[in-house]
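Welcome, and please open your viewer. We will go stop by stop, with something to select at each one.

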Amino acid sequence: MLPFANYIGITFMAREVSGERNRGNARRSSVPDTPERASSRAPAVSRAASVLRCLAGEQLGLGVSEIARRVGVVPSTCLHVLRALVDEGFVGFDAEKKTYRTGVGLLALVRDSMANSQYPRIVQPVLDRLAAENHVNALATEFDGRERMVVVAFSRASSTVSLYVSVGSRFPEFVSATGRCMAAVSGLSKDKLKKRFETLKWEREPRFEEWYADVERAQTEGVAIDRGNYIRGLTILAGLIPPPQTQRVTRAIALIGFDHQMTERTIRTLTDQLRESVRIVGAQMN
């Protein structure tokens with residue numbers, strides 16, 4: 001599975017005269033679990049969040065010992081956390097197999113949160129227009145505070161072959177075209193950006209100096225392009241949505257197309273539309 005598909009949960013789709021048939025299976029984002037941060041101000045909350053992240057990436061349930069190992073806590077502590085999450089309906093317990101998995105209560109919580117979120121509601125019509133008019137895939141992302149971008153809305157191109165991206169998929173903050181834009185406004189020095197760059201995974205990895213030059217261009221042009229670096233065969237354009245004053249940039253729109261359709265003329269047109277789209281969404285968010 002390619003890196004982009006790994007993080008984004010991408011599925012290639014083919015349209016047929018009689019309808020649509022899925023040519024591939026979506027794969028969940030695969031982000032390794034990390035032990036509880038020692039500096040957490042609320043260890044109990046941190047443990048619960050770590051357990052939920054661990055279970056969210058599993059299709060089958062896990063036992064207490066395995067969850068404790070992945071999260072980095074002792075089994076007895078992990079059991080207390082799991083029991084509390086079961087009581088809240090956020091985790092389900094299989095008494096026969098002695099395993100735990102995410103519960104429907106968590107799905108309801110996420111659904112209600114997304115329904116009341118202003119950003120997805122505002123950006124979705126913009127994505128739909130961009131996808132329909134240009135036959136590209138359009139998605140909106142938001143920074144999750146953990147060095148990752150999360151897909152919060154998606155619109156699929158109305159073409160013979162297109163992509164499907166799962167809402168909720170995650171990818172590293174500084175990867176692809178969105179990553180170049182985020183690096184441009186990060187305020188990090190070149191040396192610190194190089195250290196972050198060295199942790200990224202690409203299908204066709206660019207040289208750091210080339211990537212950094214793209215970052216510098218994004219500072220002045222407001223848009224960045226990934227030409228088959230993140231995943232071979234796809235060209236991705238991204239632009240950041242202007243935040244309210246004094247707030248950090250945390251949101252972006254990205255357009256994804258196959259290399260054969262992304263001519264220089266098409267890219268110029270998409271760049272102009274992308275700049276206007278992020279301006280419109282930013283104004284509505286403010």
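Start by selecting helices α8 and α9: their crossing is right-handed (a crossing is left-handed if the near helix is turned anticlockwise from the far one by less than a right angle, and right-handed if clockwise). Helices and strands here are DSSP runs, numbered from the N terminus: helices are H or I with at least four residues, strands E with at least two. Before going further, note that this is a predicted model, where local features need pLDDT of at least 70 and side-chain atom pairs count only at pLDDT 80 or more, while totals for chains, interfaces and linings use all residues. Residues are numbered from 1 along each chain as its sequence is written, and side-chain values use heavy atoms, with hydrogens and water left out.

**Stop 1: α8 against α9**

The two helices pack at an angle of about 120 degrees, with their axes 11 Å apart. Axes are lines fitted to C-alpha atoms, for helices over the stretch in contact, and angles run from 0 to 180 degrees between N-to-C directions. α8 and α9 are therefore oblique to each other; angles under 35 degrees count as roughly parallel, over 145 as roughly antiparallel, 65 to 115 as roughly perpendicular and the rest as oblique. Show side chains for Lys190, Leu193, Lys194 and Phe197 of α8, then for Phe208, Glu209, Trp211 and Tyr212 of α9, which make the contact (heavy atoms within 4.5 Å). By class, the residues of this contact are five nonpolar, no polar and three charged. Ala, Val, Leu, Ile, Met, Phe, Trp, Tyr, Cys and Pro count as nonpolar, Asp, Glu, Lys and Arg as charged, and the others, Gly among them, as polar.

**Stop 2: the cores**

Which residues have the most contacts inside the largest nonpolar core? Select Leu139, Phe174, Trp202 and Trp211; the core holds 36 residues. A nonpolar core is a set of buried Ala, Val, Leu, Ile, Met, Phe, Trp, Tyr and Cys residues joined through side-chain atoms within 4.5 Å. Buried means under 20% relative accessible area, exposed over 50%, and partly exposed in between (1.4 Å probe, protein chains only). Among the elements that give two or more residues to the largest core are β5 (137-143), β6 (148-155), α7 (176-184) and α9 (208-221). Now centre on Phe174: leaving aside neighbours within four places in sequence, its contacts include Met182, Leu188, Leu193, Leu200 and Trp211. Apart from the largest core lies another, of 23 residues, among them Val223, Ile241, Leu255 and Val278.

**Stop 3: α6 against α10**

Next, select α6 (residues 118-134) and α10, whose axes come within 10 Å and cross at roughly 160 degrees. The two are therefore roughly antiparallel to each other, and their crossing is right-handed. Residues of the contact include Ile122, Val126, Arg129 and Leu130 of α6, and Leu270, Gln273, Ser277 and Val281 of α10. The contact has eight nonpolar, six polar and two charged residues.

Stay on α10 (residues 264-285) and pick out Ser277. Buried or exposed, what is Ser277? Ser277 is buried, with a relative accessible area of 1%. Beyond its neighbours within four places in sequence, Ser277 is in contact with Val126, Arg129, Leu130 and Ile253.

Leu274 is also placed in helix α10, and counts as buried at 0% relative accessibility. With neighbours within four places in sequence left aside, the contacts of Leu274 are Val223, Leu237, Ala238, Gly239, Ile253 and Leu255. Try a distance to Leu127: the C-alpha atoms of Leu274 and Leu127 are separated by 9.9 Å, with their positions 147 residues apart along the chain.

**Stop 4: α2 against α4**

Select α2 (residues 43-56) and α4 (residues 75-88), which pack at an angle of about 80 degrees with axes 10 Å apart. That makes α2 roughly perpendicular to α4. Here Arg47, Ala48, Val51, Leu52 and Leu55 in α2 meet Thr77, Val81, Leu82 and Leu85 in α4.

**Stop 5: two loops**

Finish with Lys98, in the loop between β3 (91-94) and β4 (99-102). Its phi is near 60 degrees, a positive value in a residue other than glycine, and Lys98 is exposed, with a relative accessible area of 54%. Then go to His135, in the loop between α6 and β5. His135 has a positive phi of about 55 degrees although it is not a glycine, and is partly exposed at 39% relative accessible area.
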